[in-house]
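Colleague: Got a minute to go through this one with me? I'd like to start with the cysteines and then look at the fold.

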Amino acid sequence: MKIGFIGLGVMGAHMARHLVAAGHDVTVYNRTAAKAEAWVNDNGGRSAATPGSLAEGQDIVMACVGNDADLLDVTTGPHGAFGAMASGTVFVDHTTASADVARRLQAEAAERGIGFVDAPVSGGEAGARDGVLTVMCGGDQADYDRADPAIAAFARACRLMGPSGAGQLTKMANQICIAGLVQALSEGIHFSQSAGLDVDAMLDVVSKGAAGSWQMQNRGATMNRGEFDFGFAVRLMRKDLGICLSEARRNGATLPITAIVDQFYSDVEAAGGGHLDTSSLLTRLTQSRG
């Protein structure tokens, strides 16, 4: 297919690369044009000067940008993609954004005769690099069916969760679960360090039981060594948890642990750790020891 990809950040650059590897004809756009040109030099395809010029003649346009405001700019802004997309094409949004903006954009896309699928991803930079992301989608079945073969280039799992916004709501549930897991893992490591246990041995044996998790397998050892300068940044997790808490206020859900962990991440960020991996939540405990 002819595919346009907007946003060549930590995730998007890898995702677009997998689209090229799968044989698609890919055009890219990035707010920093030099990054798009460098990506084309490394991967092939072509770059566009605006989201609108990128969208011309494409079967599918994908985006992975920062937040709701960025998404609105590249879709419905003065040089947005929606104005140049042909009837019957599909816009697939991989941004972690609000369910409200997904519903708003789906409605506007429908008025223009184009499809819209909200499709946030989980798996981090490693999942994007290796092409094994999990993709949670919201939208109409027909639009999802057209987008699914393209998404398959960088996903190991992709599922339509319901109507527009359902993908974003599922991603919120994902982030809520991760927040609690990272806090619990931080406390388990902090406790073991304080008790004088061999923490690596503890992680090895505990990971084989009911407490085992992706976080423990992939972050436990680096947390014990105090290594946090990689991975999914605290500042981005705070953005995501803010979306979760805002949606909970709207739908009446009670999220006490999520609210506490968000405050703990605020403390890490205030101490200068906004760029660190989310596993740096441990530092809030170890720095206050004694």
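Colleague: So, how many disulfides does the structure hold?

Modeller: Zero disulfides. Keep in mind that this is a predicted model.

Colleague: Ok, what about cysteine 64, where is the nearest cysteine sulfur?

Modeller: That sulfur belongs to cysteine 137 and sits 13 Å away, and cysteine 64 is in no disulfide.

Colleague: And is cysteine 64 buried or exposed?

Modeller: Buried, with a relative accessible area of 14%.

Colleague: Which cysteine sulfur is closest to the one in cysteine 137?

Modeller: The one in cysteine 158, at 3.7 Å. That's too far for a bond, because a disulfide needs the two sulfurs within 2.5 Å. Cysteine 137 is buried too, with a relative accessible area of 0%.

Colleague: Switching topic: which residues does UniProt list for the domain?

Modeller: An unreviewed UniProt entry gives residues 2-162 as "6-phosphogluconate dehydrogenase NADP-binding". Over that stretch the chain is 41% helix and 25% strand, and its end C-alpha atoms are 26 Å apart.

Colleague: In what sense do β1 and β2 pair?

Modeller: Parallel, over five bridges, with β1 covering residues 2-6. For instance, isoleucine 3 has valine 26 in β2 as its bridge partner. Between the two strands the chain passes through helix α1 (residues 12-21), in a right-handed β-α-β crossover.

Colleague: How many bridges are there between β2 and β3?

Modeller: Two, again in the parallel sense. Valine 28 stands opposite serine 47 in β3. Helix α2 (residues 33-43) makes the link from β2 to β3, and that β-α-β crossover is right-handed.

Colleague: Last one: how many residues of β2 are buried?

Modeller: Four of its five, so by the under 20% cut-off the strand (residues 25-29) is mostly covered.

How values were computed. Residues are numbered from 1 along each chain as its sequence is written. This is a predicted model: local features need pLDDT of at least 70, side-chain atom pairs count only at pLDDT 80 or more; totals for chains, interfaces and linings use all residues. Side-chain values use heavy atoms; hydrogens and water are left out. UniProt positions are given in the numbering used here, feature names are shortened, and annotations may be inferred rather than shown by experiment. Buried means under 20% relative accessible area, exposed over 50%, partly exposed in between (1.4 Å probe, protein chains only). Two strands pair if DSSP finds at least two bridges between them. A crossover is right-handed if, with the strands pointing away from the viewer, the path from the first strand over the helix to the second runs clockwise.
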